[in-house]
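Could you walk me through this structure in my viewer, telling me what to select at each stop and what I will find there? I work at the bench, so a friendly tour would suit me well.

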Amino acid sequence: MSQENLRIVRETFDRFDTNDPAFSYWDEDVVVIPPEDWPEGGDIRGLDAWRRQIERLRDSWEDAGIEIDEMHPVGDERVLTIFRYVTRGRDGALAFDTTMGSIHTFRGGKIVRAEYFLSADDARKAAAN
């Protein structure tokens, strides 16, 4: 199952900045935990709330994308991803290019939890626990 989970996480990141960001892979009761100190912080609960958050993120930037640097299964139910979140602001506003990490947890072939980190090291430490 871990290879399928890797494929799903890759596809959700690849489709982040499209009109179809692969919501079919997310559980209806998903919990998404943004990085510590992230603007609009606080856990996001449920698929509808996650959809609204993705739309807000996409609407904030002229271009936004995710470039995956590495992905690893963590057991059978979790995927660790180290990636770069790359954006370009509207009307020449500030661009953003930072390395981040995530851990996606699966149950029944769906993502039930996604936790994001502002550094690769923090994501790796969390995955080791």
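Start by selecting Thr12, which you will find in helix 1. This is a predicted model, so everything on the tour is computed from predicted coordinates. Is Thr12 buried or exposed? With a relative accessibility of 7%, Thr12 is buried, because the cut-off for that label is under 20%. Now show its surroundings: leaving aside residues up to four places away in sequence, Thr12 touches Pro21, Ala22, Tyr25, Trp26 and Ile111.

**Stop two: salt bridges around helix 1**

Next, select Glu4, Arg7, Glu11 and Arg15 together. Salt bridges link these four residues into a network. Zoom in on one of the links: Arg15 pairs with Glu11, and their closest N and O atoms are 2.2 Å apart. Arg15 is partly exposed, at 21% relative accessibility.

**Stop three: Phe16 and its ring partner**

Move on to Phe16 and add Tyr85 to the selection. A search of the whole structure turns up five aromatic pairs. In the pair formed by Phe16 and Tyr85, the ring centres are 6.1 Å apart and the planes meet at 80°, so the arrangement is edge-to-face. Phe16 sits in the loop between helix 1 (2-14) and strand 1 (26-33), while Tyr85 belongs to strand 4, so this pair ties together parts that are 69 residues apart in sequence. Phe16 and Tyr85 are both buried.

**Stop four: Trp50 and the ring cluster**

Now pick Trp50 and Tyr116. They make a stacked aromatic pair, with 6.3 Å from centre to centre and 25° between the planes. Trp50 is in helix 2 and Tyr116 in strand 6 (residues 110-117), so the pair joins parts of the chain that are 66 residues apart in sequence. Trp50 is buried, with a relative accessible area of 6%, and Tyr116 is buried too, at 11%. Then widen the selection to Phe13, Trp26, Trp50, Phe83 and Tyr116: ring pairs link these residues into a cluster.

**Stop five: Ile54 and Arg51**

Select Ile54, a residue of helix 2 (residues 47-59). Which residues does Ile54 touch, not counting those up to four places away in sequence? They are Phe16, Pro21 and Phe23. You have already met Phe16: the C-alpha atoms of Ile54 and Phe16 are 8.0 Å apart in space, although the two residues are 38 apart in sequence. Ile54 is buried, with a relative accessible area of 5%. While Phe23 is on screen, add Arg51, which lies over the face of the Phe23 ring at 5.2 Å from the ring centre.

**Stop six: from strand 4 to strand 5**

Bring up Arg84 and Asp97. These two form a salt bridge whose closest N and O atoms are 2.8 Å apart. The pair links distant parts of the chain, with Asp97 in strand 5 (residues 96-107) and Arg84 in strand 4 (residues 78-88), 13 residues apart. Both ends can be checked for accessibility: Asp97 is partly exposed, with a relative accessible area of 47%, and Arg84 is partly exposed at 24%.

For another salt bridge, select Arg113 and Glu115, where the closest N and O atoms are 3.3 Å apart. Arg113 is partly exposed, with a relative accessible area of 35%. How many salt bridges does a search of the whole structure find? The count is 10.

**Last stop: the whole chain**

Clear the selection and switch to a cartoon view. The chain has three helices and six strands, and along the sequence they follow the pattern α-β-β-α-β-β-β-β-α. The radius of gyration is 14 Å, close to the 14 Å that the globule rule gives for 129 residues, so the chain is as compact as a globular protein of that length. Along the principal axes, the C-alpha atoms fill a box of roughly 45 × 30 × 25 Å.

Colour by accessibility next: buried residues make up 43% of the 129 residues. Turn on the surface, and the chain exposes about 7200 Å², with carbon and sulfur atoms supplying 45% of that area. Finally, look at contacts: of those with a separation of 6 or more, 51% are between residues 24 or more positions apart.

Methods:
Residues are numbered from 1 along each chain as its sequence is written. This is a predicted model: local features need pLDDT of at least 70, side-chain atom pairs count only at pLDDT 80 or more; totals for chains, interfaces and linings use all residues. Side-chain values use heavy atoms; hydrogens and water are left out. Helices (H or I, at least four residues) and strands (E, at least two) are DSSP runs, numbered from the N terminus. Buried means under 20% relative accessible area, exposed over 50%, partly exposed in between (1.4 Å probe, protein chains only). Contact means heavy atoms within 4.5 Å. A salt bridge is a side-chain nitrogen of Lys or Arg within 4 Å of a carboxyl oxygen of Asp or Glu. Rings of Phe, Tyr and Trp (its six-membered ring) pair if their centres lie within 6.5 Å; planes under 30 degrees apart count as stacked, over 60 as edge-to-face and the rest as tilted. A charge sits over a ring if NZ of Lys or CZ of Arg is within 6 Å of the ring centre and within 35 degrees of the ring normal. The radius of gyration is taken over C-alpha atoms; the globule rule is 2.2 Å times the number of residues to the power 0.38. Accessible areas come from the Shrake-Rupley method with a 1.4 Å probe; for residues, only the protein chains shown count as cover.
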